[in-house]
Amino acid sequence: MQPNSSELGVHQAGHGLSLTLLTRTPAGTTGGSAVPETSGAVRVPILSSGSWESCRGGASSRRSRASSRTSSHSHSHSHGGGHQHSHSEPSEVDPADADLESGEPSTSFLELRYLFRWVQKSLPFIIILCAKLVIQHALGLAVGVGLFTTFLYVNKNIQTQVFLQDRRSKIECVWLLLFLASSTLLLYYTFLTETLYYCLIFLNPAVEPLGFWEVLWVVGITNFTLKFLIMGFKCLILLLPSSLVTYRAQGRWYMLTEEMGQVYQAVAPTPLWFRYLVTYQKVDGNTGLTLGVLLALVYFILKLLGLYGQWGSFQKTVRIFLSGEHTGAAATRSQCSEAGDICPICQAEYRDPRALLCQHIFCDECIALWFNREKMCPLCCTAITDKVHKWRDGATSPYFQIY
């Protein structure tokens with residue numbers, strides 16, 4: 001028998017190469033019968049360099065070929081009559097690329113969406129709980145809302161009356177004073193058995209049991225009561241005639257009153273928190289007492305640090321109150337004539353005119369009120385002072401001293 005001979009042929013197609021293997025088998029005899037010579041051709045497709053690079057493109061190539069997610073490999077076998085068989089294999093897709101192609105949201109967004117759905121499903125139950133809490137603490141909430149609205153109303157009106165100066169209404173000041181006094185007396189009369197007024201003189205009220213929410217409630221009432229006392233004192237200053245206390249002096253009194261009131265508000269809740277921190281149950285034994293004493297000491301240290309910071313601010317306020325400093329220099333008659341003899345702020349004739357560094361002239365009281373909130377000249381915006389003296393306009397701090 002002669003060995004088989006084969007021919008190797010390479011043909012270039014439009015988009016790749018094909019390898020053709022030609023095999024010839026010589027004619028022979030098998031069992032006395034002649035076997036004809038046969039030949040076969042097998043074509044094996046070879047990918048071109050461009051197609052190979054596109055297959056190595058990774059996730060970017062797969063995204064660009066979203067229309068064809070599977071790669072087909074066709075093998076054609078020609079034997080005798082030239083029968084052809086083809087099959088396709090699905091290509092593997094990266095899960096991350098699949099999420100990007102399908103437009104799925106990120107994990108954090110999904111978590112937020114799940115949280116929103118949970119809140120939406122739990123909303124009826126949350127409303128039921130809120131309604132129950134409102135019913136249980138209806139009186140306390142009503143008192144808190146009433147105190148807060150009273151504070152906002154009186155504080156705004158006091159600032160308005162201070163700004164009006166000579167045009168202020170003494171009847172309005174008397175009404176504000178009576179309103180504050182009646183609100184405070186009604187509050188303490190309603191809770192007479194709890195002796196809440198003891199907190200004003202650093203004593204513990206008769207509130208039993210003294211839990212966390214009870215302490216917050218008593219501290220809040222005491223804080224608002226002290227604010228009412230401070231605003232009542234400011235109303236008394238407003239009732240004084242300008243001949244007795246000038247408007248500039250009134251501004252210094254407002255500032256000193258507010259600083260003293262803030263120190264008082266910081267000290268007032270101290271005994272109540274001490275009692276709450278030291279109180280322990282009998283079942284806790286010595287451990288509960290020791291822990292309570294340690295917590296009370298830490299609270300005391302923090303309170304001293306806070307008072308130390310307030311003490312520095314209070315000392316500055318006292319120095320300003322005693323110095324009676326003026327803004328600018330006294331203006332001459334010629335300067336006032338050149339300016340038109342009219343104050344740009346009050347639109348009236350000058351009263352104790354003062355000339356600023358920018359040579360603009362204003363009434364002493366008018367410019368003093370202006371610098372209670374601003375640092376620049378009201379006409380040319382030149383920086384005149386480097387600090388603002390707060391509370392000279394009669395305002396009361398809305399800060400809630402909770403501890």
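**Contacts and cores around Leu 196**

Visitor: Which residues are in contact with Leu 196, leaving aside its neighbours within four places in sequence?

Guide: They are Tyr 188, Phe 191, Pro 205, Val 207, Trp 217, Val 218 and Ile 221. These count as contacts because contact means heavy atoms within 4.5 Å. This is a predicted model: local features need pLDDT of at least 70, side-chain atom pairs count only at pLDDT 80 or more, and totals for chains, interfaces and linings use all residues. Residues are numbered from 1 along each chain as its sequence is written, and side-chain values use heavy atoms, without hydrogens and water.

Visitor: What makes the largest nonpolar core a core, and which members touch the most others?

Guide: Its 34 residues qualify because a nonpolar core is a set of buried (under 20% relative accessible area, 1.4 Å probe, protein chains only) Ala, Val, Leu, Ile, Met, Phe, Trp, Tyr and Cys residues joined through side-chain atoms within 4.5 Å. Leu 147, Ile 158, Leu 196 and Met 231 touch the most other members. At least two residues each come from α5 (138-164), α6 (170-190), α7 (212-239) and α9 (270-278). The largest share, 12 residues, belongs to α7. A second, separate core has 14 residues, including Leu 356 and Cys 377.

Visitor: Why is α7 called a helix?

Guide: The name applies because helices are DSSP runs of H or I, at least four residues, numbered from the N terminus, and α7 covers 212-239.

Visitor: Where does UniProt place the feature "transmembrane region"?

Guide: The unreviewed entry gives residues 125-154, 175-203, 215-240 and 290-309; such annotations may be inferred rather than shown by experiment. In the model, residues 215-240 are 96% helix and 0% strand, with end C-alpha atoms 38 Å apart.

How values were computed
Buried means under 20% relative accessible area, exposed over 50%, partly exposed in between (1.4 Å probe, protein chains only).
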